[in-house]
Amino acid sequence: MIKVSHLSKIYTNADVKTVALDDVSFEITQGEFVSIMGPSGSGKSTLMHILGALDVPTSGDYLLDGQRIADLDDDQLADIRNKKIGFVFQAYNLLPRTTALKNIMVPMMYGGVDKKERIKRAEKYLKMVGLENRIYHTPNQLSGGQQQRVAIARALTMNPNVILADEPTGNIASSQAAEIMRILDELNQQGHTIVIITHEQEVAAYTKRVVHLRDGRIIDNHINGKRRRY
Amino acid sequence: MDYSELISESFATLILNKVRTGLAMLGVIIGIGSVIALMSLGQSSQKSVENQIRSLGSNLLTVMPGAQNQRGIQGAFGSNTTLTYADAVAIKESDKVTTVKDVTAEFRHNAQVTAGRNNANSSIEGVTPEFQTIRNIDMASGSFITQVQMNGISKVAVLGAQTAIDLFGDGANPVGQNIRIEKISFTVVGVTQTKGGTGFQNPDDAVYVPLTTAQKILFGADYISSIYVEAKNEKVMTQAQNEVGYLLLERHRLKDPTQADFRIMSQEDILGTVSQVTGTFTTLLAGIAAISLVVGGIGIMNIMLVTVTERTREIGLRKALGAKKKLISAQFLMEAVTITFIGGLIGVLVGIGVSFLISHSMGLPAVVSIPAVLLAFVVSAGTGIIFGWYPAQKAAKLEPIEALRYE
Ligand SMILES: Nc1ncnc2c1ncn2[C@@H]1O[C@H](COP(=O)(O)OP(=O)(O)OP(=O)(O)O)[C@@H](O)[C@H]1O
Ligand SMILES: [Mg+2]
């Protein structure tokens, strides 16, 4: 379902070239639960942005459900981001001064979901991430972990096939991290394909497959034999 | 996402930034408000002048001297000395003039009038008794100039309502008292009722004296300023104009109308000229006001550009979550239009309020310029679209990941 071949991403700023991704190829099939690991600056977020159709590679190909992403125009990309992919950002990226409920409803607003249904779904997913008592809180009234969970709930509302989460447990206590991994595992069991970035061994242990990046290259890609369950 | 949602979304964002929204709106409020106020005031003063002219009756002809080409230069109205009282008498008595009911002559000159310590610079009008009926003058007290006073070259005066107040104070009865015009003592024999006019030859500011007195005693002139001719009815106006015209040409020994050393104007002619002048004036005022509207529009563009820059991350996020280009630009455009439309609405109300206040205090009829109001709505929405367009396009073109990285 996700197939990348020979992906490269080179940033050029004031004649300085930074190679963020260097000839990356791999495949992820429907229903997988993959973690991407690697040290800081190894290109994890860069890869994730390309997989999320938010950024374009300098060279190489990316096929999502057999569709070449490079062939799509802006509005088609917007549609894919809206319906096929649920993205959880490393920095949460919630709308400031906007309630949790409204934040969660943004993708549904752009996806043409009718108003009643939006509220129903938003409440359902807020409950799922355990924030039914924080519906009208704005981001600055929520803890980091709670904002992270709002961001996860937001990624789920359009029932996307693929969920991409950039360090979903990055800034939160390990007790909350386990809770988030439980949610993701549950979603995976429901059939969603999930890709997460982490640099914590403990978190990666929950996933079915681990991909290691270093300096923009894949150095390891293996099935997680001793998979940990929450 | 439909329009009602787009509108409620932009309301929500605008309310989040109350002060900025308010300031952006202020530009539109002032722009639209001044357009409405100035156009309404323009129309109201135009209407006031028209009312004044109409109140003299539609069967009145005014004959003025001059205004013919003299050595290639157009003489100003009334600067000529070609009309005489004999002309007025001839119009009234000639067999060739069949459509005229009554005629009066007037000699007009500004002069200093004093009563005790008070003084006023008034228009001294030497008139014949017929002036009262032809120009619809009502007396508040005393009586108008009589034929006996005219024949006797009497030093009597009738004061306009305002002049009476200026010279003797409010509520006093000047009849029987003395005033001095050009240092010559006159007895006040009457005071006219107020006509409530403004500017343009305000009859309330006049002092009426017998024509003979004005010519022989005050100003030593043998000509007159104008002849007023009352036609028998409205239908014979053109005929009356022709009859009077040819009679005067004959009396002045001129061969044809192109040589005429006088002008005959109906109230409609005067109305046309005045309307043209006040219309130009109104347009000029509206033009000045429109400039402030443009300035307001630029203010909005400025604020929208700042908003786009400031909300770059938000725009990136919205695109990342599936917003299409059109929706992003529609959202920003809607915000701009919401500002200008609400600003326009308030501006219209403020403009109407201000024009009512001013016209009330100046005693003008209250007029709301409906075309100006309609125009204001179109223009305010248009301002939003024009000045919101560029920032909205700028927002829509942002790349999602670049925008999300923006700091
Ligand atoms: N816009 C950019 N311009 C130039 N270089 C960039 C840009 N974005 C990322 N890079 C570089 O690309 C490399 C990979 O960055 P990336 O954000 O993918 O790292 P990461 O693996 O997600 O790190 P972390 O674990 O700290 O989040 C880094 O060396 C970074 O400096
Ligand atoms: Mg990263």
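**Exercise 1. Which residues coordinate the magnesium ion (ligand 2), and at what distances?**

Step 1. Find the donors. The magnesium ion (ligand 2) is held by A:Ser45 through OG and by A:Gln90 through OE1, at 1.9 to 2.5 Å. Donors are N, O and S atoms within 2.8 Å of the metal (3.2 Å for Na, K and Ca); water is not among the atoms, so sites may look incomplete.

Step 2. Place the donors in the chain. The pair links distant parts of it, 45 residues apart. A:Ser45 sits in helix α1 (residues 44-51) of chain A, and A:Gln90 in the loop between β6 (85-88) and α3 (100-110) of chain A. Helices (H or I, at least four residues) and strands (E, at least two) are DSSP runs, numbered from the N terminus.

Step 3. Check exposure. A:Gln90 is partly exposed, with a relative accessible area of 36%. Buried means under 20% relative accessible area, exposed over 50%, partly exposed in between (1.4 Å probe, protein chains only).

Conventions: this is a predicted model, where local features need pLDDT of at least 70, side-chain atom pairs count only at pLDDT 80 or more, and totals for chains, interfaces and linings use all residues. Residues are numbered from 1 along each chain as its sequence is written, chains are lettered from A and ligands numbered from 1 in the order in which they are written, and side-chain values use heavy atoms, with hydrogens and water left out.

**Exercise 2. What is the strand order of the open sheet in chain A, and which strands are at the edges?**

Step 1. Read the order. Six strands of chain A run β6-β7-β8-β3-β9-β10, with mixed pairing. Two strands pair if DSSP finds at least two bridges between them.

Step 2. Find the edges. β6 and β10 (217-223) of chain A each pair on one side only. The twist averages 15° from one strand to the next.

Step 3. Zoom in on one pair. β3 (residues 33-37) and β9 (residues 209-214) of chain A are parallel, over four bridges. A:Val34 stands opposite A:Arg209 in β9(A).

**Exercise 3. How many cavities of 30 Å³ or more does the structure hold, and what lines them?**

Step 1. Count. There are two. On a 1 Å grid over the protein atoms alone, a cavity is a set of points where a 1.4 Å probe fits but cannot get out, and a pocket is an open set with protein on both sides within 12 Å along at least five of seven lines; lining residues have an atom within 4 Å of a point.

Step 2. Take the largest cavity. Its volume is about 130 Å³. Of its 15 lining residues, A:Arg81, A:Ile85, A:Gly86, A:Phe87 and B:Leu321 are the closest to the centre. β6(A) gives the largest share, three residues.

Step 3. Take the second largest cavity. Its volume is about 70 Å³. Its lining includes B:Thr13, B:Arg20 and B:Glu335. α9(B) gives the most, three residues.

**Exercise 4. Which residues lie nearest the centre of the second largest pocket?**

Step 1. Get the volume. The second largest pocket has about 730 Å³.

Step 2. Name the residues. Of 28 lining residues, A:Leu95, A:Pro96, A:Thr98, B:Glu9 and B:Arg318 lie nearest the centre.

Step 3. Trace the elements. α3 and α4 (115-128) of chain A and α1 and α10 (312-320) of chain B each supply at least two lining residues. α1(B) gives the most, with six.

Methods
Points joined across faces, edges and corners; volume = space filled by probe spheres on them. Axes fitted to C-alpha atoms, helices over the stretch in contact; angles between N-to-C directions.
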